[in-house]
Amino acid sequence: MHIIQVAAELAPLAKVGGLADVLLGLSRELANTGHRVEIILPKYDCINFREVDELTIFKQIDSQFQGKIYPSTIWSGKIEGLSVYFIEPHHPRLFFNRGCIYGCKDDRQRFLFFSRAAVDLMQEIDEPDLIHLHDWHTGLIAPLMEDKKTVLTIHNLAYQGRGSYSDVEKIGIGKKQAARFKDDRNPKRLNFLKSAIIYCNAVNTVSPSYAKEILTKAGSKGLYRTLHRHKEKLTGIINGLDYTYWNPMTDPYLPAHYTSREKPESEHDFHTLDRKGYLKKILREKLMLDEQHRPIVGCIARLVPQKGVKFIKHAIKSSVDKGGQFVLLGSSPDPKINKEFHQIRLKYEAHPHIALFLKHQEELAHLIFAGSDMLIVPSIFEPCGLTQLIALRYGTIPIVRKTGGLKDTILDVDEDPENGNGFSFTKKSVAEFDAALGRAMTMWFEEPDRWRHLVVHGMKQDFSWKHPTKSYLALYESVFKDSLVLH
Ligand code: ADP
């Protein structure tokens, strides 16, 4: 099958969150199973183009925008063997020369242009069997390519992209088509994600539980009616984890490597599980934490309300009160939350058991995943979540709230001692979260053998892209079987 993926992020070039990892992991596994995959991405100025192989100018294309024609240069290159097209618009507003991926006042205009240019580019390359769109940034491609087979993946329903009739007119979408994706809450506005939900042949979220949650009034983020009308084409496929990138045995960011092996296979085997203890020591040295018999509780997250900010704040002191140490790596686009965490950081600046890093840092993230004993993921909602899967792979026990993809991947060991792989809580209550954290701490201190068993079990589980890719292929195929699409 020839598949084109269109998205705003792609790891490792342009990454804000999980979307970037999905693009790389899914595309690579599709390519490994013999499918032809191409990716279309904006040419952000913040991409490190040294990471792109065979970068070359592919061609110039013209796109209609606000009644005028603007050229774009299309670059092509390879990332880990995958073909990527980068769109560089020559619009006076230099849409992708902002030193960032999102967060500009005119994000709507930037991705409107990107969508139009992606459609124009797709007319110039071999016709694909299927176009896979991701999130609201690419949502308007669906009505523009109504006659093509399209699939939409919703990575996070909280972001929908809204605009006006004149916005979508700019890229050639007429009033009649646009009227179909009026925002459910404010019919004067148009909803870009809704346009893809309506016009795509299939829609999925990134976990089965999240697919169910978005059909509830509270979870639907204003799209209750739309999602119910189209629920027969809505499914959930859990994200995989890129096991070549996230591998404690080969991770280039780690100063030592390990596997789940408890005993060495030979006298030259230096990769047994106890090396994780060595990385814990390195982590402490790096963060200037005291070297004591204490578990390290880690947290790696965007600091936004979705991630359960009140639980994260609570965990800082509570982890220490319970005899542990706490490490946070998080950055926030929200100035209020940012300020709050900066104040907390100042308060604990020289604390022997607390280290807070308020920035995005890939290398440190890897060391925290490896050197911590536990990772908290107390999300209010979580479409899939990758950090709990990375934690499992690195032998770090996840403590999660039972929501969305966290519910689908983490089973509480106290509920199911045989198959459990972490700790979980249900209610959005600090007391419940604290109890789960307490249970984890107690097991770490009092039942080290059981803890080790839990670590090994989690490391051996398979959350690679193998299974999800099969599900995506089945979804792609269903689009061809089911040619009669109910709009
Ligand atoms: P989301 O996409 O909602 O941010 P996910 O759990 O799906 O959440 O993916 C988060 C990804 O971003 C993970 O790979 C995680 O390691 C990474 N990440 C989050 N915050 C940071 C940070 N401050 N520094 C480095 N990596 C981070």
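**Ligand contacts and two open sheets**

In this predicted model, an oxygen atom of the ligand sits 2.9 Å from an N or O atom in the side chain of K307; a polar contact here is a pair of N or O atoms within 3.5 Å, and within protein one must be able to donate a hydrogen and the other to accept it, with residues adjacent in sequence counting only if both atoms are side-chain atoms. Local features need pLDDT of at least 70 and side-chain atom pairs count only at pLDDT 80 or more, while totals for chains, interfaces and linings use all residues. Residues are numbered from 1 along each chain as its sequence is written, and side-chain values use heavy atoms, with hydrogens and water left out.

K15 joins in too, with a polar side-chain atom 3.3 Å from an oxygen atom of the ligand. K359 uses its backbone instead: a polar atom there is 2.9 Å from a nitrogen atom of the ligand. On its own the ligand has 570 Å² of accessible area, and the protein covers 93% of that (Shrake-Rupley method, 1.4 Å probe; for residues, only the protein chains shown count as cover). Around the ligand there are 20 residues, where being near takes a heavy atom within 4 Å. The largest share of this shell, three residues, comes from β12. Helices (H or I, at least four residues) and strands (E, at least two) are DSSP runs, numbered from the N terminus.

β12 also belongs to an open sheet of six strands, ordered β14-β13-β12-β15-β16-β17, with parallel pairing; two strands pair if DSSP finds at least two bridges between them. β14 (354-357) and β17 (423-425) are the edge strands with a single partner each, so one side of each has no neighbour in the sheet. From one strand to the next, the twist averages 15 degrees (axes are lines fitted to C-alpha atoms, for helices over the stretch in contact, and angles run from 0 to 180 degrees between N-to-C directions). Helix α10 (residues 309-321) packs on this sheet, and its direction makes about 155 degrees with that of β13; contact means heavy atoms within 4.5 Å. α12 lies across β12, β13, β14 and β15, at about 145 degrees to β12.

The other open sheet has nine strands in the order β3-β4-β5-β2-β1-β6-β7-β10-β11, and its pairing is mixed. Within it, β1 (residues 2-6) and β2 (residues 36-42) pair in the parallel sense over five bridges, and Q5 stands opposite I39 in β2. Helix α6 (residues 192-199) packs on this sheet, touching β7 (150-154) and β10 (202-205).
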